[in-house]
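Q: I have just opened this one and would like a walk through it. Could you take my questions as they come?

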Amino acid sequence: MARSRTPSPDSGKSPARQASASKTSKGWLKEHFDDQYVQRSWQDGYRSRASYKLLELDEKDRLLRRGMTVIDLGAAPGGWSQVAAEKAGPEGVVIASDILEMDALAGVDFIQGDFTEESVLEEILGVLGSRPVDLVMSDMAPNMSGMAAIDQPQAMYLVELALDLAGQTLRPGGTFLAKVFQGEGFDEYLKALRERFTRVVTRKPGASRARSREVYLLAEGFRG
């Protein structure tokens with residue numbers, strides 16, 4: 001008796017559509033490998049081009065310093081955690097979390113799991129203990145479907161969860177940094193940040209692709 005076979009994702013596509021998808025993939029790969037920040041990350045030993053976003057933000061706003069305690073959400077593959085651990089030094093603490101796996105990094109405690117689940121939050125809080133946090137940063141993003149009506153609410157939900165964690169863990173005067181996609185819910189989120197922090201600014205690092213709707217909201221001076 002022959003086994004039934006699940007059709008491959010491309011099995012229902014015409015040859016023309018398959019060729020178009022192939023061209024799109026090749027175009028993305030070429031853009032990725034030609035990207036100056038991807039090439040620099042290989043040369044400098046950073047795990048991803050995202051490292052340069054944080055390095056630029058730190059140079060402009062002095063986010064990171066030795067001995068600080070940092071929580072990094074959406075950390076994999078570790079570009080931000082790598083920079084944070086370097087800047088915080090051996091006396092600092094960096095706690096990273098992501099739903100994806102991440103190879104071990106010196107000076108970083110990694111928690112793998114879905115941040116939308118309470119158990120992951122509890123694990124982060126357990127590792128943190130009673131230590132007050134200086135900086136909560138989130139580079140989280142949902143798996144994008146390309147449909148704004150689905151993607152935008154999911155993205156806003158993640159940054160709202162990140163802000164909730166910041167509210168639970170930041171010391172008075174602490175800092176919050178989050179990737180946010182411009183669209184529905186953005187203005188309300190910005191207003192919520194301004195109510196809880198003394199200074200809120202929008203940043204678009206050079207390493208952010210120009211076509212992306214992502215911006216980074218930097219909130220300083222947590223009111224506690």
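Q: Let me start with a single residue: is T202 buried, partly exposed or exposed?
A: This is a predicted model, and in it T202 counts as partly exposed, because its relative accessibility is 40% and the partly exposed class runs between 20% and 50%.

Q: And where does T202 sit in the chain's secondary structure?
A: T202 belongs to strand β6, which covers residues 197-203.

Q: Which residues does T202 touch, if its close sequence neighbours are left out?
A: Once neighbours within four places in sequence are set aside, T202 is in contact with V215, Y216 and L217. As for A178, which is 24 residues away from T202 along the chain, the two C-alpha atoms are separated by 9.9 Å.

Q: Let me step back to the whole chain. How many helices and strands are there?
A: The chain has 7 helices and 7 strands, and read along the sequence they follow the pattern α-α-α-β-α-β-β-α-β-α-β-α-β-β.

Q: What share of the residues is buried?
A: Of the chain's 224 residues, 46% count as buried, while the accessible surface comes to about 12400 Å², with 50% of that area belonging to carbon and sulfur atoms.

Q: What about contacts between parts that are far apart in sequence?
A: If you take the contacts between residues at least 6 apart in sequence, 63% of them join residues at least 24 apart.

Q: New topic: which residues does UniProt mark as a binding site?
A: The "binding site" annotation, which comes from an unreviewed UniProt entry, covers G78, W80, D98, D114 and D139.

Q: Take D98 from that list. Where is D98, and is it buried or exposed?
A: D98 is in strand β2, residues 93-98, and it counts as buried because its relative accessible area is 10%, which is under the 20% cut-off.

Q: What lies around D98?
A: Not counting residues up to four places away in sequence, D98 touches G74, A75, A76, F110, I111, Q112 and G113. With A76 there is also a polar pairing, in which the backbone nitrogen of A76 lies 3.0 Å from a polar atom of the D98 side chain.

Q: What about S97, is that residue buried or exposed?
A: S97, which is also found in strand β2, is buried, with a relative accessibility of 2%. Its contacts beyond four places in sequence include D72, L73, G74, F110, I111 and V120.

Q: Back to the annotated residues: where does D139 lie?
A: D139 is in the loop between β4 (133-138) and α6 (148-169), and at 14% relative accessibility this residue counts as buried.

Q: And which side chain does the D139 side chain meet in a polar contact?
A: The partner is K179, whose side chain is joined to that of D139 by a polar contact of 3.3 Å. Among the other residues that D139 touches are A50, L73, G74, W80 and Y216.

Q: One more, then: how far is D151 from the nearest side chain of opposite charge?
A: That side chain is R213, 5.8 Å away, and D151, although buried, has no salt bridge. The cut-off for a salt bridge is 4 Å, so a separation of 5.8 Å does not qualify.

Q: What does the D151 side chain pair with instead?
A: A polar atom of the D151 side chain lies 2.9 Å from the backbone nitrogen of G146. D151 itself is in helix α6, and beyond four places in sequence it touches P142, N143, M144, S145 and G146.

Definitions and conventions:
Residues are numbered from 1 along each chain as its sequence is written. This is a predicted model: local features need pLDDT of at least 70, side-chain atom pairs count only at pLDDT 80 or more; totals for chains, interfaces and linings use all residues. Side-chain values use heavy atoms; hydrogens and water are left out. UniProt positions are given in the numbering used here, feature names are shortened, and annotations may be inferred rather than shown by experiment. Helices (H or I, at least four residues) and strands (E, at least two) are DSSP runs, numbered from the N terminus. Buried means under 20% relative accessible area, exposed over 50%, partly exposed in between (1.4 Å probe, protein chains only). Contact means heavy atoms within 4.5 Å. A polar contact is a pair of N or O atoms within 3.5 Å; within protein, one must be able to donate a hydrogen and the other to accept it, and residues adjacent in sequence count only if both atoms are side-chain atoms. Lys and Arg count as positive and Asp and Glu as negative; His and the chain ends are not counted. Accessible areas come from the Shrake-Rupley method with a 1.4 Å probe; for residues, only the protein chains shown count as cover.
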